[in-house]
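Visitor: Good morning. I am new to this structure and would like to be taken through it.
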Number of protein chains: 2
Amino acid sequence: MANEQVDPEHQSAGAWAKKYYFATRVVMEAVLRPYDIGPTQWYVMHQLMTLGPTSQRDLARMLQIERATLTGVVAALVRKGLVEQNPDATDQRQKVLTATPAGAALWQELPDPIALILETAFDGVAQADIDTTARVLREATGKLTSLFPKGKES
Amino acid sequence: MANEQVDPEHQSAGAWAKKYYFATRVVMEAVLRPYDIGPTQWYVMHQLMTLGPTSQRDLARMLQIERATLTGVVAALVRKGLVEQNPDATDQRQKVLTATPAGAALWQELPDPIALILETAFDGVAQADIDTTARVLREATGKLTSLFPKGKES
DNA sequence: CTATATTTGCTAGGTGGCTAACGAACAGGT
DNA sequence: ACCTGTTCGTTAGCCACCTAGCAAATATAG
């Protein structure tokens with residue numbers, strides 16, 4: 001075999017930026033796989049269970065994803081019988097999503113991957129350091145998204 | 001119009017996790033768009049210009065992307081005449097990538113989006129806080145990727 | 001009331017990453 | 001010299017997200 005390992009010194013900065021984000025996705029997928037629920041689907045269920053029935057419009061805004069994307073995610077949840085789509089009483093355009101009894105039942109069994117991620121990731125780290133990290137990241141992304149709009153604001 | 005704004009209190013945690021990662025992608029795309037170079041293409045060029053000719057195998061490891069993904073990226077660069085693919089002298093399986101004169105010339109004009117991101121994102125932030133943030137994130141992702149393997153290690 | 005503009009959810013199509021599976025080239029043991 | 005196993009780059013196909021454009025429903029100006 002040739003040189004098995006690559007000099008870490010030459011690892012791209014991009015690899016790190018990627019890891020910071022994908023770590024949470026990978027963990028969520030791993031944790032939720034047994035329940036056949038994807039990360040985005042989990043977020044939708046989370047909003048429905050904590051806020052009650054919600055229109056797709058509001059969900060898309062809260063989750064910061066496109067309505068078109070949400071259409072597909074919701075279709076999957078409806079197909080599995082976890083969520084119901086009903087037309088809004090006062091606005092015929094809107095469809096209000098509600099968790100079905102089956103959806104609510106499944107939700108009780110689901111672990112909370114976000115809580116799990118926070119626990120394991122920041123276990124043993126001083127609270128002051130966590131606060132600093134959160135502040136620095138919030139400021140950094142704030143500056144970047146305001147100077148380079150496109151993520152259509154916070 | 002209905003309620004235009006959504007209560008930020010109810011914004012999903014997922015929205016934040018997403019922003020932290022995508023901020024850099026969005027900025028890179030914005031900065032590089034005039035040159036018709038994507039983020040991943042930029043990373044490839046960066047490696048080629050700083051390390052010299054490199055095999056696709058090594059590039060994939062350094063950029064932490066799959067060889068299959070790299071195939072497509074390289075094809076785009078070759079199509080634009082920025083990069084050359086030559087068989088390795090001692091191992092006929094490997095293809096060594098080299099920046100063409102045109103590629104090297106273009107590279108001179110390209111801004112460094114990573115440097116730009118770091119400057120604008122952390123401008124005015126105390127170095128100690130930056131160090132803390134870097135350390136906390138490194139530790140967190142280290143724990144997560146070791147406890148939930150799948151990203152096939154660092 | 002009517003005409004115009006906006007909003008909602010949908011469909012269609014594109015992008016960038018992934019996994020799976022393949023032939024060709026190499027490495028090692030017998 | 002052969003068989004076996006590994007590695008390289010490629011292809012094919014999947015997934016999650018995106019943008020563009022649509023019809024229907026609603027809001028607003030005159």
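Guide: We shall discuss the contacts with DNA and then two helices, bearing in mind that this is a predicted model.

Visitor: Let us start with DNA strand C. How many residues surround it, and which are the closest?
Guide: DNA strand C is surrounded by 21 residues, and the closest are Arg57(A), Arg93(A), Thr40(B), Thr69(B) and Gln92(B). Of the strand's atoms that come within 4 Å of the protein, 68% belong to sugar and phosphate.

Visitor: What does Arg93(A) approach on DNA strand C?
Guide: A polar side-chain atom of Arg93(A) is 2.7 Å from a base oxygen of DNA strand C. Arg57(A), by contrast, places a polar backbone atom 2.6 Å from a phosphate oxygen of that strand. Thr71(A) has a side-chain N or O atom 3.0 Å from a phosphate oxygen of DNA strand C.

Visitor: Which elements give two or more residues to the surface near DNA strand C?
Guide: They are helix H3 (56-63) and helix H4 (67-79) of chain A, together with helix H4 (67-79) of chain B. The residues of this surface comprise ten charged, eight polar and three nonpolar.

Visitor: Back to H3(A) for a moment. Why is it described as largely enclosed?
Guide: Six of its eight residues are buried, so H3(A) is largely enclosed by the rest of the structure. The buried residues are Gln56(A), Asp58(A), Leu59(A), Ala60(A), Met62(A) and Leu63(A). After H3(A) comes Gln64(A), with a positive phi near 55°.

Visitor: Now DNA strand D. Which residues are the closest there?
Guide: Thr40(A), Thr69(A), Gln92(A), Arg57(B) and Arg93(B) are the closest of the 21 residues that surround DNA strand D. Sugar and phosphate make up 75% of the atoms of DNA strand D within 4 Å of the protein.

Visitor: Which polar atom of Arg57(B) is involved, backbone or side-chain?
Guide: A polar backbone atom of Arg57(B) lies 2.6 Å from a phosphate oxygen of DNA strand D. Gln85(B) has a polar side-chain atom 3.3 Å from a phosphate oxygen of this strand.

Visitor: A change of topic: at what angle do H7(A) and H7(B) cross?
Guide: Their axes cross at roughly 105° and come within 9 Å. The two helices are therefore roughly perpendicular to each other.

Visitor: And which residues meet there?
Guide: From H7(A), the residues include Arg135(A), Val136(A) and Leu137(A); those from H7(B) include Arg135(B), Val136(B) and Leu137(B). The residues of this contact divide into four nonpolar, four polar and four charged.

Note on methods:
Residues are numbered from 1 along each chain as its sequence is written. Chains are lettered from A and ligands numbered from 1 in the order in which they are written. This is a predicted model: local features need pLDDT of at least 70, side-chain atom pairs count only at pLDDT 80 or more; totals for chains, interfaces and linings use all residues. Side-chain values use heavy atoms; hydrogens and water are left out. A residue is near a molecule or strand if one of its heavy atoms lies within 4 Å of it. A polar contact is a pair of N or O atoms within 3.5 Å; within protein, one must be able to donate a hydrogen and the other to accept it, and residues adjacent in sequence count only if both atoms are side-chain atoms. Helices (H or I, at least four residues) and strands (E, at least two) are DSSP runs, numbered from the N terminus. Ala, Val, Leu, Ile, Met, Phe, Trp, Tyr, Cys and Pro count as nonpolar, Asp, Glu, Lys and Arg as charged, and the others, Gly among them, as polar. Buried means under 20% relative accessible area, exposed over 50%, partly exposed in between (1.4 Å probe, protein chains only). Axes are lines fitted to C-alpha atoms, for helices over the stretch in contact, and angles run from 0 to 180 degrees between N-to-C directions. Angles under 35 degrees count as roughly parallel, over 145 as roughly antiparallel, 65 to 115 as roughly perpendicular and the rest as oblique. Contact means heavy atoms within 4.5 Å.
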